[in-house]
Amino acid sequence: MGYLNGAHTPPTQEKSWLDQALTFIYTIAHWFGQLIVGAVNAVVPALISEDLIDPIGYLALLTIVLVLIGIFEALRKAMYWIVGLGWLLIVVRIVIDRFS
């Protein structure tokens, strides 16, 4: 228990990894929200209220995550085709080597 300038200060609890992760996500969402609201309000002044910075930021962050998931899903499907084609070419090579 500490004393600062003669007053009792309560002990501070160390932040857990979850607290730090959520703080990081909130910060990123808030920055995205500020960026979007600032850009829109620069074009049309006072169109979006400052109260909507955090909700817009979270929606922008979710949109980015969903787009990335979609890209990775498409890449995963492409990789199946590439791997399948690779196995097919290996089988063709084995057949050619066997009968030549």
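Colleague: Is Asp97 buried, partly exposed or exposed?

Modeller: In this predicted model, Asp97 is partly exposed, its relative accessible area being 46%.

Colleague: And which residue does the side chain of Asp97 meet in a salt bridge?

Modeller: The partner is Arg93, with a distance of 3.3 Å from N to O. Both residues belong to helix H2, where they sit 4 residues apart, so about one helical turn separates them. Arg93 itself counts as exposed, because its relative accessible area of 53% lies over the 50% cut-off.

Colleague: How many salt bridges does the count come to?

Modeller: The count comes to 2. Besides the pair just described, Glu73 forms a salt bridge with Arg76, and the closest N and O atoms there are 2.4 Å apart. Glu73 and Arg76 are 3 residues apart in helix H2, so they too are separated by about one helical turn. Glu73 is partly exposed at 31% relative accessibility, and Arg76 is likewise partly exposed, at 40%.

Colleague: Switching to the helices, what span do H1 and H2 reach, first C-alpha to last?

Modeller: H1 has 27 residues and spans 39 Å, close to the 39 Å expected at 1.5 Å a residue. H2, covering residues 53-99, has 47 residues and spans 69 Å, again close to its expected 69 Å.

Colleague: Which residues are buried in each of them?

Modeller: In H1 they are Ala29, Gly33, Val37 and Asn41, and what covers the buried residues of that helix includes H2. In H2, Ile53, Gly57, Ala60 and Leu61 are buried, and their cover in turn includes H1.

Colleague: An Asn in that list? Why does Asn41 count as buried?

Modeller: Asn41 has a relative accessible area of 16%, and it counts as buried because the cut-off is under 20%. Leaving aside residues up to four places away in sequence, Asn41 touches Ala46, Leu47, Ile48 and Glu50. A polar atom of the Asn41 side chain also lies 3.1 Å from the backbone nitrogen of Leu47.

Colleague: What about the surface, which residues form the nonpolar patch?

Modeller: The patch is formed by Trp17, Leu18, Leu22, Phe24, Ile25, Tyr26 and Tyr58, which together have about 770 Å² of accessible area. Helix H1, residues 17-43, gives the most to this patch, with 6 residues.

Colleague: Take Leu22 then: in which helix does Leu22 lie, and what is its relative accessibility?

Modeller: Leu22 lies in helix H1, and at 49% relative accessibility it counts as partly exposed.

Conventions
Residues numbered from 1 in each chain as written. Predicted model: local features only at pLDDT ≥ 70, side-chain atom pairs only at ≥ 80, totals over all residues. Heavy atoms only, no water. Patch = residues over 30% accessible without salt bridge, like charges linked within 9 Å, V, L, I, M, F, W, Y side chains within 5 Å. Areas by Shrake-Rupley, 256 points an atom, 1.4 Å probe, with all protein chains shown as cover. Salt bridge = Lys/Arg side-chain N within 4 Å of Asp/Glu carboxyl O. Helix = DSSP H or I, 4+ residues; strand = E, 2+ residues; numbered from the N terminus. Buried < 20%, exposed > 50% of the residue type's maximum accessible area, 1.4 Å probe, protein only. Expected span 1.5 Å × (residues − 1). Contact = heavy atoms within 4.5 Å. Polar contact = N/O pair within 3.5 Å; in protein donor to acceptor, adjacent residues only side chain to side chain.
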